[in-house]
Amino acid sequence: GCPKLMQAIQSPLVRKLVQMVYLLSGAGLFLSILLLCVAMVCVGGSVTCCDICLILVAFGFALPHAVVAVCRLIGSSSAWANALLSMAGEAASVGPQLCVILSTADVGAVAPLWQKLLNGAT
């Protein structure tokens, strides 16, 4: 019944498998963010100040997370991995919020005065 299912779910093998899938998906997510940053630079067209800031913030957010995920996948526990883990925690606190703000700041339909001034300066 249910207790046997719970024991199977909580077995070390299943937990390790779920942890590896989680780390692999996390590494893929953060590596894809880095690739999107590179693609924003390589795509033709005008690049605004907000686009550049978005790339820098997203790169600063994704890079430590991607390295931490890869280090955990390969089983590295060096001092660099611990330092990057601390950096990832700091980046996670404000990185995503800044990315959302910067990505919506370029919506040109109803630009506020500060955005018109910022776009005029670039």
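**Figure 1. Three helices contribute to the lining of the largest pocket.** In this predicted model, helix H2 (12-42), helix H3 (49-74) and helix H4 (79-104) each bring at least two residues to the pocket lining. Helix H2 is the leading contributor, with seven residues. The pocket has a volume of about 240 Å³.

**Figure 2. A closer look at the residues that line the largest pocket.** The lining consists of 13 residues. If you would like to start at the centre, look for Tyr22, Leu23, Gly26, Phe30 and Ala69, which lie nearest to it. What is the chemical make-up of this lining? Eight of its residues are nonpolar, four are polar and one is charged.

**Figure 3. Leu5, Met6 and Ile9 form a nonpolar patch on the surface.** Together, these three residues make a patch of about 270 Å². Met6 belongs to helix H1, which covers residues 2-9. Is Met6 buried, partly exposed or exposed? With a relative accessible area of 38%, Met6 is partly exposed. Patch members need over 30% relative accessible area, so Met6, at 38%, passes that cut-off.

**Figure 4. The whole chain, for orientation.** Here is the setting for the close-ups. The chain holds five helices and zero strands. Following the sequence from one end to the other gives the pattern α-α-α-α-α. The chain has 122 residues, and 25% of them are buried.

**Figure 5. Val38 of helix H2 and Phe59.** Val38 sits in helix H2. Along the chain, Val38 and Phe59 are 21 residues apart, and their C-alpha atoms are separated by 9.3 Å. Val38 is partly exposed because its relative accessible area is 44%, a value that is neither under 20% nor over 50%.

**Figure 6. Ser86 of helix H4 and Pro64.** Ser86 is placed in helix H4. How far apart in space are Ser86 and Pro64, C-alpha to C-alpha? The distance is 8.7 Å, for two residues that are 22 residues apart in sequence. Ser86 has a relative accessible area of 48%, so this serine counts as partly exposed.

**Figure 7. Glu90 of helix H4 and Phe61.** Glu90 is another residue to find in helix H4. Its C-alpha atom lies 8.7 Å from that of Phe61, while the two residues are 29 apart in sequence. Why is Glu90 classed as exposed? The relative accessible area of Glu90 is 59%, and exposed means over 50%, so Glu90 falls in that class.

Note on methods:
Residues numbered from 1 in each chain as written. Predicted model: local features only at pLDDT ≥ 70, side-chain atom pairs only at ≥ 80, totals over all residues. Heavy atoms only, no water. 1 Å grid on protein atoms, 1.4 Å probe; cavity = no way out; pocket = protein on both sides within 12 Å on 5 of 7 lines; lining within 4 Å. Points joined across faces, edges and corners; volume = space filled by probe spheres on them. Helix = DSSP H or I, 4+ residues; strand = E, 2+ residues; numbered from the N terminus. Nonpolar A, V, L, I, M, F, W, Y, C, P; charged D, E, K, R; others polar. Patch = residues over 30% accessible without salt bridge, like charges linked within 9 Å, V, L, I, M, F, W, Y side chains within 5 Å. Areas by Shrake-Rupley, 256 points an atom, 1.4 Å probe, with all protein chains shown as cover. Salt bridge = Lys/Arg side-chain N within 4 Å of Asp/Glu carboxyl O. Buried < 20%, exposed > 50% of the residue type's maximum accessible area, 1.4 Å probe, protein only.
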